[in-house]
Amino acid sequence: MKKTRAIVITGNGTNCETEAAHACRLGGFDEAVIAHIAEILSGEVRLDDFHFLNLTGGFLDGDDLGSAKAQANRLKHAGVSGTGEKLVEQFTRFIAAGKLILGVCNGFQLMVKMGMLPGFDGDFLTQRTTLTFNDCGRFQDRWVYLKTDAASPSVFTTGIEHGIYLPMRHGEGKFLCDSPATLERIEREHLAVLKYSGPDYAAATMEFPLNPNGAQNAIAGLCDPTGRLMGLMPHPEAFVHYTQHPRWTREELPEEGDGLKLYRNAAEYVRKNLV
Ligand SMILES: NC(=O)CC[C@H](N)C(=O)O
């Protein structure tokens, strides 16, 4: 059997790469490699050699110019040494090959600012949405209930019935669209795969602090129409075991944390479709 391979990009201020790689391995990937962005730009590590790309959380470039903005420009315009090609061509090839990309928090901000999401009509390079300063004007660090959309094409949330409970920690998580038409299309095609809700996962909410940032239509996670690209503000890699839950000493909980489901689904998809 060929190996299922995940890559986690680090450098320039990411801080969740170890946990993301651990989540990939726990979720069932045979290998999870942490690669510095410099190794990718130097041509030492190629995205082509992997099936699942993780863009992880942190403070890329210190959030200067707005979270992930500088890295978005770097990834869109930088060349790969010795190849004569731009890094963005590796990204385009990766997506065209039917592979998976998951962006978490700063990684979601990066995907949105590169234009990879919502990825309408196979266009992964036009920015149509953003993630900006929380309505409350401050960084928030809490746990949130996320209602899943059962009709969403996302391969990451397959089999999740009602919702998931995850930690969030960000200052710029307010999701906004460039126009009512973009928001309408996101809703119509069920691309808003996760929405902030109450503990019963019954309905999306704009109420603070259940919705910690004032995101439009309470959108916390978004996928592209193929369901293979997804980004979310909360951190699935930070809840893979019950001892990471804030009430683990007081509640009866399953062994595995809710976040692990996303990585399990990714590994299963790769094994079935890509190796
Ligand atoms: N946890 C994170 O990835 C934070 C993302 C970004 N630095 C923000 O504060 O919005």
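**Notes on a predicted model**

1. Let's start inside the structure. Setting aside neighbours within four places in sequence, Leu229 touches Ile95, Lys99, Ile101, Met111, Met116, Leu117, Phe124, Phe156, Leu222, Cys223 and Asp224. Please keep in mind as you read that this is a predicted model.

2. Where does Leu229 sit? Its place is in strand β13, which covers residues 229–232. Leu229 counts as buried, because its relative accessibility is 0% and the cut-off for buried is under 20%. To see how the chain folds back here, find Gly98: Leu229 and Gly98 are 131 residues apart along the chain, yet their C-alpha atoms are separated by 9.7 Å.

3. One of the contacts of Leu229 is Leu117, and that residue leads us to a peptide bond worth finding. Leu117 and Pro118 are joined by a cis peptide bond, with omega at about 5°. Pro118 belongs to the loop between α5 (106–114) and β7 (129–132).

4. Stay in that loop for a moment, as Asp121 is also found between α5 and β7. Asp121 is not a glycine, but its phi is positive, at about 50°. Is Asp121 buried or exposed? With a relative accessibility of 65%, Asp121 counts as exposed, since the cut-off for exposed is over 50%.

5. Now move along to the loop between β11 (194–197) and β12 (219–223), where Pro209 lies. A cis peptide bond links Phe208 to Pro209, and omega is about 5°. Asn217 is found in the loop between β11 and β12 too. Asn217 has a positive phi of about 55° although it is not a glycine. Its relative accessibility is 32%, so Asn217 counts as partly exposed.

6. Next, look at His170, which lies in strand β9 (residues 163–170). His170 has a relative accessible area of 2% and is therefore buried. Which side chain makes a polar contact with the side chain of His170? The partner is Asn213, at 3.1 Å. Leaving aside neighbours within four places in sequence, the residues in contact with His170 are Cys105, Asn134, Arg138, Phe139, Gln140, Tyr196, Asn213 and Met233.

7. Gly159 is a good residue to view after His170. Gly159 lies in the loop between β8 (140–148) and β9. Here the relative accessibility is 71%, so Gly159 counts as exposed, whereas His170 is buried. From C-alpha to C-alpha, Gly159 and Leu194 are 14 Å apart in space, with their positions 35 residues apart in sequence.

8. Finally, turn to a pair of helices. Helix α1 (residues 17–27) packs with helix α7 (residues 260–273) at an angle of about 60°, and their axes are 8 Å apart. Because of that angle, α1 and α7 are oblique to each other. Their crossing is right-handed. On the α1 side, the contact is made by Ala20, Ala23, Cys24, Leu26 and Gly27; on the α7 side, by Leu260, Tyr263, Arg264 and Ala267. How many residues of this contact are nonpolar, polar and charged? They divide into 7 nonpolar, 1 polar and 1 charged.

9. If you would like a short route back through the model, begin with Leu229 in strand β13. Then visit the cis peptide bond between Leu117 and Pro118, and the cis peptide bond between Phe208 and Pro209. End with the right-handed crossing of α1 and α7.

Definitions and conventions:
Residues are numbered from 1 along each chain as its sequence is written. This is a predicted model: local features need pLDDT of at least 70, side-chain atom pairs count only at pLDDT 80 or more; totals for chains, interfaces and linings use all residues. Side-chain values use heavy atoms; hydrogens and water are left out. Axes are lines fitted to C-alpha atoms, for helices over the stretch in contact, and angles run from 0 to 180 degrees between N-to-C directions. Helices (H or I, at least four residues) and strands (E, at least two) are DSSP runs, numbered from the N terminus. Angles under 35 degrees count as roughly parallel, over 145 as roughly antiparallel, 65 to 115 as roughly perpendicular and the rest as oblique. A crossing is left-handed if the near helix is turned anticlockwise from the far one by less than a right angle, and right-handed if clockwise. Contact means heavy atoms within 4.5 Å. Ala, Val, Leu, Ile, Met, Phe, Trp, Tyr, Cys and Pro count as nonpolar, Asp, Glu, Lys and Arg as charged, and the others, Gly among them, as polar. Buried means under 20% relative accessible area, exposed over 50%, partly exposed in between (1.4 Å probe, protein chains only). A polar contact is a pair of N or O atoms within 3.5 Å; within protein, one must be able to donate a hydrogen and the other to accept it, and residues adjacent in sequence count only if both atoms are side-chain atoms.
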